[in-house]
Amino acid sequence: MNKPMTVALAAALLLGGAAQAQTRLAAPVPASSTPPSSASAERTLQADLRLYQDFAEVRQPVTAQGGTLAVVWPQSAWSGLIRDSLDLEGLPYTRAVHATQANWLESMEGREVVLHEDGQAPQTVTLVRSRDVLIRDAQGLYRRVDPTRLAFPELPPESGYGALPVSTFDLTSQASGTGTLSYLTRSLGWTPRYTLRVQGGKPTLEALADVTNGTELNYRVGQTELLAGDVNLNRDYEMYRAVPTAANFAADAQSAPGAGKIAQQGSLNGIYRYALTEAFALPANSTVTLPFMTPAVKDFEAYAGLKRGFSEQSDRGVLNRFYRFKADRALPGGSLTVREDGRVTGQTRVQETAAGQAVDFALGRDPDVSYVRSVRAVSRTARSAVFQVTYTLENSKKQPVKVEITEMLYNDRAEVKAEGAGSGDVRREGSDVNLALTLPAGGKVTRTFTVTLPLQ
C-alpha cells in the first residue's frame with residue numbers, strides 16, 4: 001500500500017533544500033492529524049507568483065513520493081481561493097477531493113489539559129468532547145468551559161482550533177518526480193501608480209509598482225511576473241469567503257530584499273508582462289512598493305478644456321484643467337498624481353495605453369477661464385433642424401491659455417459650418433465638433449458655428 005504524502009502549504013519554506021522544505025512523507029492522514037504547528041512554518045510559503053491587478057496565480061513546487069498527495073491549507077491561503085482554479089501540473093492524478101479536516105481540538109479529546117479560572121489555582125482536567133468543550137475535573141464532574149481558559153501540552157495551530165481545508169489528489173501509478181500546485185487567489189495582486197511632475201513647464205513621468213499581500217502568510221517569491229490588462233474571471237470566484245484585512249505599507253527598499261529591477265517582457269495578446277529580476281520577500285498583510293519604470297514623455301500639453309454633448313439649451317460655466325501627453329512605452333492602468341512645481345494639482349486614473357498613444361485627462365475646474373454658450377434655433381423642418389452656437393470665452397489669467405472644446409453630436413450625418421472670425425478654429429472630427437484656440441491673457445474671444453441635424 002502506498003503511503004500518502006502530506007504537503008503542508010504553510011510549512012513550504014524551511015531552511016534547507018527546496019524540495020525537502022516543501023514536502024514531507026507521512027503515514028495515512030487520519031481525521032485527527034494536524035498540520036505543522038511551528039509559527040514560522042505556518043506563516044511562510046515559498047512559491048512563484050504571477051500577479052495581476054486584482055488577483056494572482058500562486059505556483060508552488062511539490063514532489064511526488066507516494067500514491068496520494070494531501071494538501072493542508074492554512075486559512076490565509078484558502079481564503080479568497082478562486083473556485084475551479086486549483087490545478088496540479090506535472091503529476092497526473094485520477095481524482096481530487098476537497099474536504100474539511102477535523103478541528104485540532106478534537107485531537108485532544110481524552111487527554112489531560114490544564115484549566116485556568118479566575119481566583120482559582122490551575123487544575124488538570126480531561127477534555128471529554130471538543131464540540132462543546134466538555135471537560136471532566138478531578139472530582140469526576142463534567143462541565144463546559146471557555147476554550148481560551150485551557151492550556152495544552154502541544155502548541156495549537158496559529159489558525160486556531162477550527163477545522164482546516166484539505167485537498168487530496170490520488171496520483172496515477174506513473175506520477176513521479178516534481179510537479180506544480182497552482183491556484184488563483186484574490187488575496188494577492190499588484191497595481192502601478194504614476195507621478196507626472198511638471199517643473200517649469202517640463203514634464204517627467206515616474207512609475208512605482210505596489211505589490212499587495214492581504215493574507216497572514218509571508219511569501220518567499222522565487223520568480224515573479226507582473227501582468228496588466230483586461231483579464232476577466234468568473235464572478236462567483238471564492239471557494240471560501242475571504243475576510244478583508246488591513247495592509248501595512250512597506251515602502252522601504254529593505255522591505256523587499258533582493259527584488260532587483262522590473263524588466264518588461266513584452267505583451268501576450270494584449271496583456272502587458274513584466275518580471276522581477278531577482279527573488280524577493282513579500283511580508284504578510286503588507287504592500288511592498290518597488291521602482292517600476294521612468295517612461296520618456298513627449299507632446300505634453302496643459303490646456304483649459306470642455307467635453308460635452310450637444311444641447312439646444314444655452315448655458316454658462318468655467319472650463320476644466322486638462323493635461324495630455326504621450327509615453328514612449330506601454331502604460332498599464334493605474335492611478336496618476338500630477339505635481340506642478342512640487343505641488344499636487346490632482347489625481348486621476350489612466351487606462352491601459354499603448355506606447356505613443358495620447359493620455360488625456362482633466363483634474364478639476366479652472367475658475368479663471370469661463371464661457372457663455374448661446375444657442376439660437378435657425379430653422380426646423382420635418383427633415384432637419386439648424387442651430388447657431390456661439391461661444392464667448394474669457395481669460396482672467398495674466399498669461400495666454402490654450403483652449404479646446406469638444407461637443408459630441410451623436411450623429412454621423414450632422415453638418416457643421418464655422419461662421420465669422422476665427423472660422424479656422426472650428427473643425428469637424430467624426431461626429432464631434434472641436435473648437436481649438438489660444439485665449440490671450442486677460443482677453444475675450446467669440447466663436448460661432450452652425451449645426452444641422454438630420455431628423456430622418
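**Exercise 1.** In this predicted model, classify Arg-380 by its accessibility, then find its salt-bridge partner and place both residues in the chain.

*Solution.*
Step 1. Arg-380 has a relative accessibility of 51%, so this residue counts as exposed. The cut-off for exposed is over 50%.
Step 2. The partner is Glu-312: the two side chains form a salt bridge, 3.4 Å from N to O.
Step 3. Glu-312 sits in the loop between β23 (297-309) and β24 (315-327). Arg-380 belongs to strand β27 (residues 358-380). The pair therefore ties together parts that are 68 residues apart in sequence.
Step 4. Glu-312 has a relative accessible area of 42%, so Glu-312 is partly exposed.

**Exercise 2.** Decide whether Asp-315 and Arg-308 are buried, partly exposed or exposed.

*Solution.*
Step 1. The side chains of Asp-315 and Arg-308 meet in a salt bridge, with 3.0 Å from N to O.
Step 2. Asp-315 is at 25% relative accessibility, so Asp-315 counts as partly exposed.
Step 3. Arg-308 has a relative accessible area of 16% and is buried. Buried means under 20%.

**Exercise 3.** Describe the salt bridge between Arg-273 and Glu-225.

*Solution.*
Step 1. The closest N and O atoms of the two residues are 3.2 Å apart.
Step 2. Arg-273 lies in strand β20 (residues 271-276), and Glu-225 in strand β17 (residues 218-228). This pair links distant parts of the chain, 48 residues apart.
Step 3. At 22% relative accessibility, Arg-273 is partly exposed.

**Exercise 4.** How many salt bridges does a search of the whole structure find?

*Solution.* The search finds 29 salt bridges.

Definitions and conventions
Residues are numbered from 1 along each chain as its sequence is written. This is a predicted model: local features need pLDDT of at least 70, side-chain atom pairs count only at pLDDT 80 or more; totals for chains, interfaces and linings use all residues. Side-chain values use heavy atoms; hydrogens and water are left out. A salt bridge is a side-chain nitrogen of Lys or Arg within 4 Å of a carboxyl oxygen of Asp or Glu. Helices (H or I, at least four residues) and strands (E, at least two) are DSSP runs, numbered from the N terminus. Buried means under 20% relative accessible area, exposed over 50%, partly exposed in between (1.4 Å probe, protein chains only).
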